[in-house]
Structure formats: C-alpha cells, structure tokens
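Subject: Structure for you to look at, with notes

Dear colleague,

I am handing over the structure that I have been going through, and I would be glad if you read the notes with the model open beside them.

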Amino acid sequence: MHITRRKFLKDSALLGIGTAVAGAPLMSAPSILTRPRVSPSTGVGEAVFVPVFSQRGQGPNLLEWAYASDERWDAFHSNISADHNGVRISDLEGRRKFGINVRWNVEGFGFTFLTADNEGAMYDLPPGGKPVSYNLNFELAASRVARNKTRMRSFEATGYTPSREVRSLTALSEEYLADARKAARDADRCAALSDHSLLHALCGSEALELDKGRQDIQRRGRRGDFYLGCNARAAIQMEEDLFFLRFKELFDYATITYVWKDPSAMGDFEPSLGDTRYDLRDLMFDRLRHHGITVAGRCVTWFHTWVTPDFLRRMDYDALKKYVENHTRELVKHYGEGMFGWELINEFHDWANEVQLDPEQIIELTRLMCDVAKDAAPSVHRIVNHCCPYAEYVQLKQWSGQPARYRQRTPWQFTKELIEAGVDFTLIGQQMYFPYRDLQDCIVYVERFEQFHKLLHISEIGVSSGPSNDSVMSGKVRFPREPYPWHRPWDEELQADWTEAMYTLAYSKPFITGCVWHDFVDTDAYLDNGGLLRSFKGEPKPVYDRLAALERQWNILPRASATEHTHD
C-alpha cells in the first residue's frame, strides 16, 4: 500500500476514529513505514531501547516505526527500526548525537509521539560494535521531566509563578522518576515507576505551558497585531448572509486558494496553461473586503502531487522559472496592495516537490518569487508556508507523490537556509493540524522559529471532533480501534479543549501574529468532522462557541502598548 506523507498526516489525525478512506487500518505498520532503508553499520555498536509493556489495554502500545532527531530536534535519516522488542539504531549516517521519537501509549494521557533525548544531553552510539541497552519507559520519562525542569526555570526567570496544579504535577513526576532510578536493576519495577512519572510529567507539561501562557496574556494585555482567520471556501457554499454572520463573529482574516487543480467547490484556477480563472475568486475577494475582512492569497505555487498539472511536470528548470516569474507577477499585480499577503510557496521544504528540484534550485526559485512579488506589491507580505512540523518524511525519504531524489530538510532547516541565502520573505506560515504530540511539544516546536525575527502565522490549524451520527451512518468515519491519542477519544468538547489550548498558547507568544483555522464547515473539511459548524446550515459546534468566548475574554483586556507589526 502506498502512503504519501500528507495522507500519513491526515490518517494520523483520524486515529482513534476508525480507518483510512482507502480502507486500510490507520497506522497499521504499512511497509513504507517499516522496511529498512539503510543496512546496519558494522563500525559502531547498536543502541536498543527496550520497552516494558505494563499498559492494561489491548494496545497497540508502541508504533512499529520511529525516527531519529538531532540536538536541534530536527529529524534525520537513519537505520532506526521499532517493533515489540524495542527500538534499534546503529547507523546515524555521519552524525554523532541522536534522540529517538516513538509513538507510545501513555494510559491516562494518550497514544502520542514522544522524544527521548537522554535528558537533553542526547545519546551516542557505543564504540567498536558493542551494544548498549536502555529502558525505553525510563528514558521517555527522564527526558520529559528534564525538559519540564528547564522550562520551569526559564519561565521563573521572567517572573512566572507556577500554580499549585503545576507544582504538584511536576513534583509527582520527579518523585516517581527518583524512585525509578533507584529501581534501575529491576526492569519491570523501574518501568512501572517511570510510567507513573511520564503520565504526571505530560500532564504537568501541558499545565505549565497553559498556566504560563495565560499569565503572559493577562500581563501583556489585548493585542492589536493578532489575526484570527479561516479559509473562506464556505462563502460560496453557504447562504451569503448566514456565512458572514457566522464568520465575522470569530474571524477578521480570510484566505482564498489559487491552486492549479482544485477538486473543491473553488474549482481549478489554471486547468490548462494560461487559462486562469479569476471570476469566482475576485467575487469572494470583493465580498470579504466589503465586510471589512483582511484577505490573503494561498498557494501561488504548491508542487504537491494532488495539484501539480502535467504542463508543469513537463517543463525543464528554465521553463519553470519563466512560468513561475510570470505567474507570480500576474497574480500579485491583479490584486495589487489589496491583499494582506501571498503564500508564495507551500510545503516546498523538500516535501511537495513534484517538479523534482534539488535543494539549491528550490532556494533559487523561492528567491525569484519573493523578488517578483516585492516588485509588484512592495507592502504585501511574502509568505513561506510549511507543513509537517516534525518532518517525519525525512525518515520516509518520500516526497508527496514519489521517493525523494535529493537531500531533505525540515521546515526549520529550510527557513534557516532561506534566511542565510538572503531570500526576501516577510512572514513564516507553519501548519499545525493535530500532530500526535502534546501541547508542550507543539509550542516548543513553534518557538524554534522565534530566533529568525520574522512574523509567524499558524497558517493552517485544525483537529477532528471524532465520529458523529451522520459520519458513522454514512461509513465516512468509523469508531476507534486504537488507544485514544489525546486525553480521551475525540468528541466535540475535546476538539474545543484542544483548540482553546492551542489558541491560548499562540496568542501568548508575541512573535506569533495569527491563527488560521481549516476548515469552517464539517461537510467540506480537510479533516473529517474538523469544522467549526456542523453543516452549511450554520449550526455551531462547541469549538465555535469556545473560540467566541475566548475572543471575548481577550477583548476585555486592556490594549497592549506595543504597536502593530509592519514590514519594509
């Protein structure tokens, strides 16, 4: 069975509510995730992380796939493998230090991806062919407890005072871990104590981040530089007055998509070379602006297998550059200074690359687009958008529709290379569909971009609300077959919980200046039942009401003194 990285993410977002659309069990160890990619090295020893399965449920408790990451938490390719006997790695392909990333069932919290990084110090492979063995349960707990301590210290240095809940959860996790260290020679007892430590550490992680975020929001006051948005496709699917009534209660920002091939209600933007279809999108743009909504354009280029037309696939690099130059100039000039920004490239960090460019050509093409867009509309934001935050595709060695031919970069590495090359973009977009990570992992990942001193939008955010009567009766969504991924099986209230938490964390970070929900209505959502409304009739879900309440809460805060962000 062939699984693309985007499908991998989408299927993962549906875990706990059934099977993939294609009918294969979700995350059931398809061959692309499990077959060895590199022969074991004989020059160094092997590190083995041995699990002790103390979970009471039927599982699965360890996904039979894993990937390695470096000191910066960037994924890299290795010969790592995972099965019920443990996680094995013996070839780092030239790197010295590593951490491991596994999906582990923490009963009481969720079947979630976790990182073990030797309490922040990273692991080394043993020399001379010698093996070394670790207790996986202990390593996962110790790594999270260590990170909580580091986060707590850094927060307290800024004046943060932890709540009683945060102090209690982190203290319990530390006490259980200390007992686990003492029981190191008894693998089963050590693992059982480590499991208790990890459960409290994960709960403490999320409580810590939310407590700090809420204190920061209260201290800084209301922000005038934060956009709350959603894609606007439902504007052509709902009765117009109802759409704007529901949309404007939550959002002041909307996106319109301009992909070449679009199977949605938007229709293809350029079904054949030179045949651009502006009429519907112009109408949407005018109506949104009439209602005072800020508008951004999406996907000037998105070289994903889903949307890349044959006429582009057939072009050589010189022809592609000429096309992209003209295409960018035409689109940006068509709307002039009326757009807030243009997402010039989408997922081009060596994932969506059906035009098969090498890394240097990708940088060059991105530079060209940014220069053309700046010339055509200097005050309009030039956005570089990323998907796949944890870059699992690097271990898969996979582009969106075929095996990768060149080295692959994580979103963070790609951003760094763009900046080092002097590419003149102004805003980073990072997608954050529920990534099978806890809340702390989500915000720690996004914080890595702060060092680049660019504005950042959570450009696509969403999560399913689980099975509904209609989706189960239609066969579109099935009931869970695996442990739940976060807190409990997905339902409408849990969708609202996750969304409220993620928006709170984003709003608390000054360098994050927007969140854009995908999608507005369940009926046409990218994630099954991932909308804010149940149907085009406009019935709000709890997540809609929760966002509205959160925004009312923020709006009664005193306005922050900081001025709104601008760019040259």
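What follows is a description, element by element, of what was found.

Please keep in mind throughout that this is a predicted model.

**The barrel**

The strands 10-11-12-13-14-15-16-17 form a closed barrel of eight, and their pairing is parallel. Averaged over the sheet, and with direction ignored, neighbouring strands are turned by 30 degrees against each other. Where the barrel closes, strand 10 (residues 227-231) pairs with strand 17 (residues 512-517) in the parallel sense over four bridges, and there the bridge partner of G229 is V516 in strand 17. Strand 10 is also joined by three bridges to strand 11 (residues 253-257), again running parallel, with C230 standing opposite A254 of strand 11. Strand 10 is mostly covered, in that four of its five residues are buried.

Further along the barrel, strand 13 (residues 341-346) and strand 14 (residues 381-386) pair in the parallel sense over five bridges, and G341 has H381 in strand 14 as its bridge partner. Helix 12 (residues 411-420) packs on this sheet, where it touches strand 13, strand 14 and strand 15 (427-433), and the direction of helix 12 makes about 145 degrees with that of strand 14. The buried residues of helix 12 are P411, W412, Q413, F414, T415 and L418. Their cover includes strand 13, strand 14 and strand 15, together with helix 10 (359-376), helix 11 (393-396) and helix 13 (439-447). After helix 12 comes G422, which has a positive phi, near 75 degrees.

**The antiparallel strands**

Ahead of the barrel in the sequence, strand 6 (residues 97-106) is mostly covered, with nine of its ten residues buried, and strand 6 has several antiparallel partners, which I take in turn. With strand 2 (residues 62-69), strand 6 pairs in the antiparallel sense over five bridges, and S69 stands opposite G99 of strand 6. With strand 7 (residues 110-116), strand 6 shares seven bridges, also antiparallel, and here R103 stands opposite F113 of strand 7. Strand 6 and strand 7 make a hairpin with three residues between them, and G108 in the turn has a positive phi of about 100 degrees. With strand 8 (residues 123-124), strand 6 is joined by two bridges, the strands running antiparallel, and the bridge partner of K97 is D124 in strand 8.

**Helices 4 and 5**

Does the length of helix 4 suggest a regular or an irregular helix is not something I would argue from one number, but the span can be checked: at 1.5 Å a residue, the 19 residues of helix 4 (residues 164-182) should span 27 Å, and the end C-alpha atoms are 27 Å apart, which agrees. The buried residues of helix 4 are V166, L169, T170, S173, L177 and A180. Seen down the axis of helix 4, these buried residues fall within an arc of 90 degrees, so they line one face of the helix. The face turned away from that buried side carries the exposed residues R164 and K182. Among the elements that cover the buried residues of helix 4 are helix 3 (136-156) and helix 5 (187-220).

Helix 5 has 34 residues and reaches 48 Å from its first C-alpha to its last, which is close to the 50 Å expected at 1.5 Å a residue. Just after helix 5, G221 takes a positive phi of about 90 degrees.

**The cysteines**

How many disulfides does the structure hold? The structure holds zero disulfides. For C299, which is in no disulfide, the nearest cysteine sulfur is that of C387, 11 Å away, whereas a disulfide would require the two sulfur atoms to be within 2.5 Å. Both cysteines are covered: C299 is buried with a relative accessible area of 1%, and C387 also counts as buried, at 1% relative accessibility.

With best regards

Technical notes: Residues numbered from 1 in each chain as written. Predicted model: local features only at pLDDT ≥ 70, side-chain atom pairs only at ≥ 80, totals over all residues. Heavy atoms only, no water. Pairing = 2+ DSSP bridges. Axes fitted to C-alpha atoms, helices over the stretch in contact; angles between N-to-C directions. Contact = heavy atoms within 4.5 Å. Buried < 20%, exposed > 50% of the residue type's maximum accessible area, 1.4 Å probe, protein only. Expected span 1.5 Å × (residues − 1). Arc of directions from axis to C-beta.
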